[in-house]
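Biologist: I should like to learn how the features of a structural model are read. Please show me the model, and let us take its features in turn.

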Amino acid sequence: MAEAELISRFDALLADLDGVVYAGPHAIPGAVESLRRLSEIGVGLGYVTNNASRSPAEVAQHLRELGAPAEEQQVVSSPQAAGELLASLLPAGARVLITGGEALAREIELAGLVPVRSEAEDPVAVVQGFHPDLGWKDLAEASYVVAAGALWVATNTDMSIPQARGMAPGNGTLVAAVAAATGRQPLVAGKPEAPLFHAAAKRLAADRPLVVGDRLDTDILGGNNAGFATVAVLTGVDTRESILTARTMERPTFVINDLTDLYRPYPAVERDAEGRYRCGAASALVEGTTVRVSGDPADLDSWRAACAAWWAANPETATALAPGLEWLDH
């Protein structure tokens, strides 16, 4: 009997966007086709994004232009989470300084709060989300209000954004500028916090969702925080090497090359009597601080075996921990 595809274990896919579905304006090869196949097998689809520069309707429109299936209600965004968080902490009609774009301001309005654009308008809170047009004056306004003691919420703290030409600064870099100026840290509404993922699963009535993302510190950590299975995809920020060194809470359940691997059986990783971890034709053994891998470095099974061995040897680590890697003939 043929082995089951990885995706068949789950009733919904909660997908990140940047680095998973697209990089800049272009779809990642195989991504759109993989997303379209989900409906054929009865698996729900939700998009969980930290992008604060566009509304859910605009995100869905962009996805449809790329050929991916997307309706507005399938998009769960960090600005929505920020609006809900602020509304839970402030009285209705409270003034909130917007350090971001119109999409962020709209979500704050929908939450029953009043968006303003300057310190002179007496805001009692600041919400900070990425927009490509943000400049020094915007960060200065935020700093004045934050330094005065106002409530400060960041939609997300992604340090970088994958673009067609490479990695560009993300909202986390702009948040860090305000933090450096004020000595304060914000509450974070989006990934890696669990509520964004729980909200997406609830919308899809999903009991067994799979979270797919390219970033350990937001997507995978957030999915793990939510108690869901997670899969790291190698089409964006994190790499085989960085996944191997991941701290405990950022370790994915699965590692795949791209979304097309969802439709392939996922190889079992098993420990043999000698303490080796085997995956496909590859195996890995930890000796001290070195992982000795018998396998092809180009074969993802080698890295799956290496991860299993290294993580078993270091089950609890709060910081990234890099082993020495020794590749053996196989």
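Modeller: Let us begin with enclosed space, bearing in mind that this is a predicted model. By the rule applied, there is one cavity of 30 Å³ or more.

Biologist: How much space lies in the largest cavity, and which residues line it?

Modeller: The largest cavity holds about 30 Å³ of space. Its lining is made by Arg240, Ile243, Val255, Leu300, Trp303, Arg304 and Cys307. Two elements, helix 9 (240–244) and helix 10 (300–313), each give two or more residues to that lining. Helix 10 provides the largest share, with four residues.

Biologist: What is the make-up of the lining of the largest cavity by class?

Modeller: Five of the lining residues are nonpolar and two are charged, while no polar residue takes part.

Biologist: Let us turn to the sheet. What is the order of the strands in the open sheet of six strands?

Modeller: The order is 5-4-1-13-14-15, and the pairing is parallel. Strand 5 (75–77) and strand 15 (254–256) are the edge strands; each has a single partner strand, so one side of each is left without a neighbour in the sheet. On average, neighbouring strands of this sheet are turned by 25 degrees against each other, direction ignored.

Biologist: How many bridges join strand 13 and strand 14, and which helices pack against these strands?

Modeller: Strand 13 (residues 209–213) pairs with strand 14 (residues 229–233) in the parallel sense over four bridges. Within this pair, Val212 stands opposite Val231 of strand 14. Helix 7 (residues 195–203) packs on the sheet and touches strand 1, strand 4 (44–49), strand 5 and strand 13. The direction of helix 7 makes about 160 degrees with that of strand 5. Helix 8 (residues 216–225) lies across strand 13 and strand 14, and runs at about 170 degrees to strand 14.

Biologist: How is burial to be read for a single residue: is Val20 buried or exposed?

Modeller: The cut-off for a buried residue is under 20% relative accessible area. Val20 has a relative accessible area of 1%, and is therefore buried. This residue sits in the loop between strand 1 (12–15) and strand 2 (22–23). Beyond residues up to four places away in sequence, Val20 touches Ile28, Ala31, Val212, Gly213, Asp214, Val233, Thr235 and Leu259. The C-alpha atoms of Val20 and Asp258 are separated by 7.7 Å, although the two residues are 238 residues apart along the chain.

Biologist: What is the class of Ser283, and what is that of Ser8?

Modeller: Ser283, in strand 18 (residues 282–287), has a relative accessible area of 7% and is therefore buried. Ser8 lies in the segment before strand 1; because its relative accessibility is 43%, Ser8 counts as partly exposed.

Biologist: Finally, which backbone angles deserve attention?

Modeller: Most residues other than glycine have a negative phi, and most peptide bonds are trans. Asp122 has a positive phi of about 55 degrees, and lies in the loop between strand 7 (114–116) and strand 8 (125–128). Ala205, in the loop between helix 7 and strand 13, has a positive phi near 50 degrees. Asp122 is exposed at 58% relative accessibility, and Ala205 is exposed at 65%. The peptide bond from Lys191 to Pro192 is cis, with omega near 15 degrees. Pro192 belongs to the loop between strand 12 (187–188) and helix 7.

Key:
Residues are numbered from 1 along each chain as its sequence is written. This is a predicted model: local features need pLDDT of at least 70, side-chain atom pairs count only at pLDDT 80 or more; totals for chains, interfaces and linings use all residues. Side-chain values use heavy atoms; hydrogens and water are left out. Buried means under 20% relative accessible area, exposed over 50%, partly exposed in between (1.4 Å probe, protein chains only). Contact means heavy atoms within 4.5 Å. Two strands pair if DSSP finds at least two bridges between them. Axes are lines fitted to C-alpha atoms, for helices over the stretch in contact, and angles run from 0 to 180 degrees between N-to-C directions. On a 1 Å grid over the protein atoms alone, a cavity is a set of points where a 1.4 Å probe fits but cannot get out, and a pocket is an open set with protein on both sides within 12 Å along at least five of seven lines; lining residues have an atom within 4 Å of a point. Grid points are joined across faces, edges and corners, and a volume is the space filled by probe spheres set on the points. Ala, Val, Leu, Ile, Met, Phe, Trp, Tyr, Cys and Pro count as nonpolar, Asp, Glu, Lys and Arg as charged, and the others, Gly among them, as polar.
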